[in-house]
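Work through the following exercises with the model open beside you, and try each task before reading its solution.

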Amino acid sequence: MFRRTYGQRATKHGNPAARLLLDTMERKKSNLAVSVDVIKSKDFLAIVDAVGPFVCLIKTHIDIIEDFGPPLIDELQALSSKHDFVIFEDRKFADIGNTVALQYSSGVHKIASWSHITNAHPVPGPSIITGLSSVGLPLGRGLLLLAEMSTKGSLATGSYTKDAVRMARAHRDFVIGFIAQRRMDGIGAYENDFTEDEDFLVLTPGVGLDTKGDSMGQQYRTPREIVFGSGCDVIIVGRGVYGKDYHLTEKIAEQAKRYREEGWAAYLERTIA
Ligand code: S5P
């Protein structure tokens, strides 16, 4: 999987959300996802519109938007069509199957109705996948498991990470990959390397070109370290793109372009190496 192109992987993948993401990456020549963690709808939409041309995916934390209303989702979907990107609500579900099914389908945000991809902590065990897939699978959605985290002192290591991989392998129709810091197959890291038809995407946060972290435990690596060095597929960048100047859309677009170029060069290096 390491050397295969995103386009080649798209044709073979069984899950529609994974195919959409891989196709989008190939079409737009971008493995950049921007995480838009701002609290006002207006800022959120301005950033999405500015970075839209350069990303394969927009990651949301919809519950931090102070003035949320259903029209925001319509506008996000319109921007997704305009700029051709996939939507990933970073909800990090972590409860029993019945509860996560309700949180995913209902409430104010109705995540399953608009988000192509969402994610979950494996901590409750396989029942969290059963619960979420009862809602998401009929809609053609995909799920990522948090197998590792970017933060200092993360507990998601060792056997926890391995068990996350085992859970994913048992639910390949719905689990399309991982939030992790490295690719989860090959290099003898696990008892069994993945078979030809097991293609898990690895989306990786903790990306920064100018700093090594923040004051709250976040740790950053460069796009090259992540995509070429660790074999991950998508770089997720938040503050590295919109920083403190999120009213300056030109500057934001410039940064998005910069991360996109770095991420794509690392991917080319990996596929032709
Ligand atoms: O391990 C993780 C998993 C996630 S999804 N570490 C992370 O930082 N994230 C998310 O990625 C986090 O919730 C935030 O939305 C984004 C990183 O933002 P940045 O501003 O530090 O780039």
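**Exercise 1.** Describe how helix α3 packs against helix α10.

Solution. Begin with the geometry: α3 (residues 41-51) and α10 (residues 249-272) pack at an angle of about 45°, and their axes are 8 Å apart. Helices here are DSSP runs of H or I with at least four residues, strands are runs of E with at least two, and both are numbered from the N terminus. Axes are lines fitted to C-alpha atoms, for helices over the stretch in contact, and angles run from 0 to 180 degrees between N-to-C directions. The angle makes α3 oblique to α10, given that angles under 35 degrees count as roughly parallel, over 145 as roughly antiparallel, 65 to 115 as roughly perpendicular and the rest as oblique.

Next, find the residues that touch: Ala-46, Ile-47, Ala-50 and Val-51 of α3 meet Thr-249, Ile-252, Ala-253 and Ala-256 of α10, where contact requires that the C-beta atoms, placed from the backbone, lie within 7 Å. Finally, sort the residues of this contact, which gives seven nonpolar, one polar and no charged; Ala, Val, Leu, Ile, Met, Phe, Trp, Tyr, Cys and Pro count as nonpolar, Asp, Glu, Lys and Arg as charged, and the others, Gly among them, as polar.

This is a predicted model, in which local features need pLDDT of at least 70 and side-chain atom pairs count only at pLDDT 80 or more, whereas totals for chains, interfaces and linings use all residues. Residues are numbered from 1 along each chain as its sequence is written.

**Exercise 2.** Compare the result with the packing of α3 and helix α4.

Solution. First, α3 and α4 (residues 70-83) pack at an angle of about 10°, with their axes 10 Å apart. That makes α3 roughly parallel to α4. Second, Ser-41, Leu-45, Val-48 and Asp-49 of α3 make the contact with Leu-72, Glu-75, Leu-76 and Leu-79 of α4. Third, these residues divide into five nonpolar, one polar and two charged.

**Exercise 3.** Trace the barrel, and say where α10 lies against the sheet.

Solution. Follow the strands in the order β1-β2-β3-β4-β5-β6-β7-β8, which form a closed barrel of eight strands with parallel pairing; two strands pair if DSSP finds at least two bridges between them. From one strand to the next, the twist averages 30°. Then look at β1 (residues 32-35), which pairs with β8 in the parallel sense over three bridges, with Val-34 standing opposite Val-237 in β8. Here α10 packs on the sheet and touches both β1 and β8, while its direction makes about 145° with that of β1.

**Exercise 4.** Which residues come nearest to the ligand, and which elements supply its shell?

Solution. Of the 15 residues around the ligand, the nearest are Met-149, Ser-150, Pro-205, Gly-238 and Arg-239; a residue is near a molecule if its C-beta atom, placed from the backbone, lies within 6 Å of it. Both β8 (234-237) and α9 (239-242) supply at least two residues of the shell. Sorted by type, the shell holds five nonpolar, seven polar and three charged residues.

Terms used
Two residues are in contact if their C-beta atoms, placed from the backbone, lie within 7 Å.
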